[in-house]
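Work through the exercises below with the model open beside you. Try each task before you read its solution.

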Amino acid sequence: MADKIFENNQVTIAGRIVSDFEFSHEVYGEGFYMVDVSVSRLSNFVDYIPVMISERLVDTTQSYIGKYIYVTGQFRSYNRHEEKKNRLVLSVFARELEFMEQEEEDVKSNQIFLDGYICKEPIYRKTPLGREIADLLIAVNRSYGKSDYIPCICWGRNARFASGFTVGSHVQVWGRIQSREYVKKLNEIETEKRVAYEVSVSKIEYLDDKSY
């Protein structure tokens, strides 16, 4: 059963560490730390992806800024309570990692596969230039009855296809994790620059569970 849970949420990223480790939390005496990894896109844009790493995988007291790292794991979420409401916080949970001497061109730097369920009505829209977009929120089961809630964005014909999904639809998606800056309005005067993370979908399939 555990293997099945690991199979429905698979991430690999390769990139350069751009921050020091920052303590996140502890579970049964095991400390977990956050570190930011820059991952290049083909378009020369860079995504900055937060990675959660156990102190048992690497010496978190050292600085590895500038080092290249290859991580396999899962894309996870949790709700952080702030400003009187919950905010969805996303990061890559590292199951395994290795350091690389340099960025290797033959290594696929950013891949994700999710197998889950639509948990919110898709939001379909068109840009002023006519590009089709659909926003999805997918619930992916995790061990111990938990779930991760992963925002996904589809484009073009995938967006049109996904716009017809209903809550509870079983889907599989393939794509990449991307970061996106936005400005959050805190009140009438103050704003704050934040970063959102989502899956940019390259392929999506609908699974008709009724056929099994």
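A residue is buried under 20% relative accessible area, exposed over 50%, and partly exposed in between (1.4 Å probe, protein chains only). This is a predicted model, in which local features need pLDDT of at least 70 and side-chain atom pairs count only at pLDDT 80 or more, while totals for chains, interfaces and linings use all residues. Residues are numbered from 1 along each chain as its sequence is written, and side-chain values use heavy atoms, with hydrogens and water left out.

**Exercise 1. The fold**

Task: List the elements of the chain, then compare its radius of gyration with that of a compact globule.

Solution.
- Step 1. Helices (H or I, at least four residues) and strands (E, at least two) are DSSP runs, numbered from the N terminus. The chain has 2 helices and 12 strands.
- Step 2. Read from the N terminus, the order is α-β-β-β-β-β-β-β-β-β-β-α-β-β.
- Step 3. The radius of gyration is taken over C-alpha atoms, and the globule rule is 2.2 Å times the number of residues to the power 0.38. For 212 residues a compact globule would have a value near 17 Å; the chain has 18 Å, which agrees.
- Step 4. The C-alpha trace spans about 50 × 50 × 40 Å along its principal axes. Buried residues make up 42% of the 212 residues.

**Exercise 2. Stacked rings**

Task: Classify the pairs Tyr64–Phe99 and Phe165–Tyr206, then place each ring in the chain.

Solution.
- Step 1. Rings of Phe, Tyr and Trp (its six-membered ring) pair if their centres lie within 6.5 Å; planes under 30 degrees apart count as stacked, over 60 as edge-to-face and the rest as tilted. The structure holds 7 aromatic pairs.
- Step 2. The ring centres of Tyr64 and Phe99 are 5.0 Å apart and the planes are at 20 degrees, so this pair is stacked.
- Step 3. Tyr64 lies in the loop between strand E4 (46–54) and strand E5 (68–82), and Phe99 in strand E6 (residues 85–100), so the pair ties together parts that are 35 residues apart in sequence. Tyr64 is buried at 15%. Phe99 is partly exposed at 36%.
- Step 4. Phe165 and Tyr206 have ring centres 5.9 Å apart and planes at 25 degrees, so they are stacked.
- Step 5. Phe165 lies in the loop between helix H2 (156–162) and strand E11 (170–185), and Tyr206 in strand E12 (residues 191–207), so the pair ties together parts that are 41 residues apart in sequence. Phe165 is buried at 6%. Tyr206 is partly exposed at 43%.
- Step 6. Phe21 joins Tyr64 and Phe99 in one aromatic cluster.

**Exercise 3. Charges over rings**

Task: Which rings have Arg76 and Lys203 over their faces?

Solution.
- Step 1. A charge sits over a ring if NZ of Lys or CZ of Arg is within 6 Å of the ring centre and within 35 degrees of the ring normal.
- Step 2. Arg76 lies over the face of Phe93, 3.9 Å from the ring centre.
- Step 3. Lys203 lies over the face of Trp174, at 4.4 Å from the ring centre.

**Exercise 4. Two pockets**

Task: Describe the lining of the largest pocket and of the second largest pocket.

Solution.
- Step 1. On a 1 Å grid over the protein atoms alone, a cavity is a set of points where a 1.4 Å probe fits but cannot get out, and a pocket is an open set with protein on both sides within 12 Å along at least five of seven lines; lining residues have an atom within 4 Å of a point. Grid points are joined across faces, edges and corners, and a volume is the space filled by probe spheres set on the points.
- Step 2. The largest pocket holds about 1100 Å³. Of its 38 lining residues, Arg87, Leu88, Val89, Leu90 and Val195 are the closest to the centre. E6 gives the most, with 7 residues.
- Step 3. Ala, Val, Leu, Ile, Met, Phe, Trp, Tyr, Cys and Pro count as nonpolar, Asp, Glu, Lys and Arg as charged, and the others, Gly among them, as polar. The largest pocket's lining has 19 nonpolar, 4 polar and 15 charged residues.
- Step 4. The second largest pocket has a volume of about 700 Å³. Of its 21 lining residues, the closest to the centre are Val27, Arg76, Phe93, Arg142 and Lys146. E6 gives the most here too, with 4 residues. The classes are 10 nonpolar, 5 polar and 6 charged.

**Exercise 5. Positive phi**

Task: Is Tyr28 buried or exposed, and where does it lie?

Solution.
- Step 1. Tyr28 is in the loop between E2 and E3. Its phi is positive, about 50 degrees, although Tyr28 is not a glycine.
- Step 2. Tyr28 is exposed, at 83% relative accessibility.
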